[in-house]
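Here is a small set of exercises to work through with the model open beside you. Try each task before you read its solution.

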Amino acid sequence: LPAALGQLQSLKVLDLNRNQLTELPTALCSLAALEKLYVGNNEVTCLPAALGQLQSLKELSLSVNNLREVPEAVWSLAALEQLHLDSNKLSSLPAAMGQLQSLKEL
């Protein structure tokens with residue numbers, strides 16, 4: 001993905017489903033208005049630590065990837081209401097997920 005993606009400051013929804021992405025660029029973590037991020041059906045193995053900067057994010061879909069763990073940054077997304085992690089390679093979820101007070105769907 002191009003680094004210029006980070007310049008789309010009014011972007012609210014980013015749908016990257018069904019590509020062959022193995023990672024997400026750190027540039028997308030500067031999308032302050034982003035509310036929904038769909039990254040399902042890819043080959044993502046890790047997420048950028050800066051993901052925690054997406055404080056407007058309400059929905060994060062990471063289904064059907066190759067994630068072995070969820071980075072600490074995700075647990076600091078205070079506005080997050082929906083988190084989809086199915087069909088990954090996760091063996092557990094940390095207790096820190098309890099910090100997601102707005103979470104309605106997991």
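**Exercise 1.** Find which residues Val 74 is in contact with, leaving aside its neighbours within four places in sequence.

*Solution.* Start from the cut-off: contact means heavy atoms within 4.5 Å. With those neighbours left aside, Val 74 is in contact with Leu 47, Leu 51, Leu 60, Leu 83 and Leu 100. Next, place Val 74 in its wider setting: the largest nonpolar core has 30 residues, and Val 74 is among those with the most contacts inside it, together with Leu 37, Leu 51 and Leu 60. Such a core is a set of buried Ala, Val, Leu, Ile, Met, Phe, Trp, Tyr and Cys residues joined through side-chain atoms within 4.5 Å. In soluble globular proteins, nonpolar side chains tend to be buried together.

Before going on, a word on the model. It is a predicted one, in which local features need pLDDT of at least 70 and side-chain atom pairs count only at pLDDT 80 or more, while totals for chains, interfaces and linings use all residues. Residues are numbered from 1 along each chain as its sequence is written, and side-chain values use heavy atoms, with hydrogens and water left out.

**Exercise 2.** Work out where Asn 88 is placed, and whether Asn 88 is buried or exposed.

*Solution.* First, locate Asn 88 in the segment after S4; strands (E, at least two residues) are DSSP runs, numbered from the N terminus. Second, apply the cut-offs: buried means under 20% relative accessible area, exposed over 50%, partly exposed in between (1.4 Å probe, protein chains only). Asn 88 has a relative accessible area of 17%, so Asn 88 is buried. Third, look at the side chain of Asn 88: one of its polar atoms lies 2.9 Å from the backbone oxygen of Leu 85. The backbone oxygen of Asp 86 lies 3.4 Å from a polar atom of that side chain. Finally, not counting residues up to four places away in sequence, Asn 88 touches Leu 62, Ser 63, Val 64, Asn 65, Asn 66 and Leu 67.

**Exercise 3.** Explain why Cys 29 has no bond to the closest cysteine sulfur.

*Solution.* Recall that a disulfide is a covalent bond between the sulfur atoms of two cysteines; the cut-off here is a pair of cysteine sulfur atoms within 2.5 Å. The sulfur of Cys 29 is 11 Å from the closest one, in Cys 46, which is too far for a bond. The structure holds zero disulfides. To finish, compare accessibility: Cys 29 counts as buried at 2%, whereas Cys 46 counts as partly exposed at 43%.

How values were computed:
A polar contact is a pair of N or O atoms within 3.5 Å; within protein, one must be able to donate a hydrogen and the other to accept it, and residues adjacent in sequence count only if both atoms are side-chain atoms.
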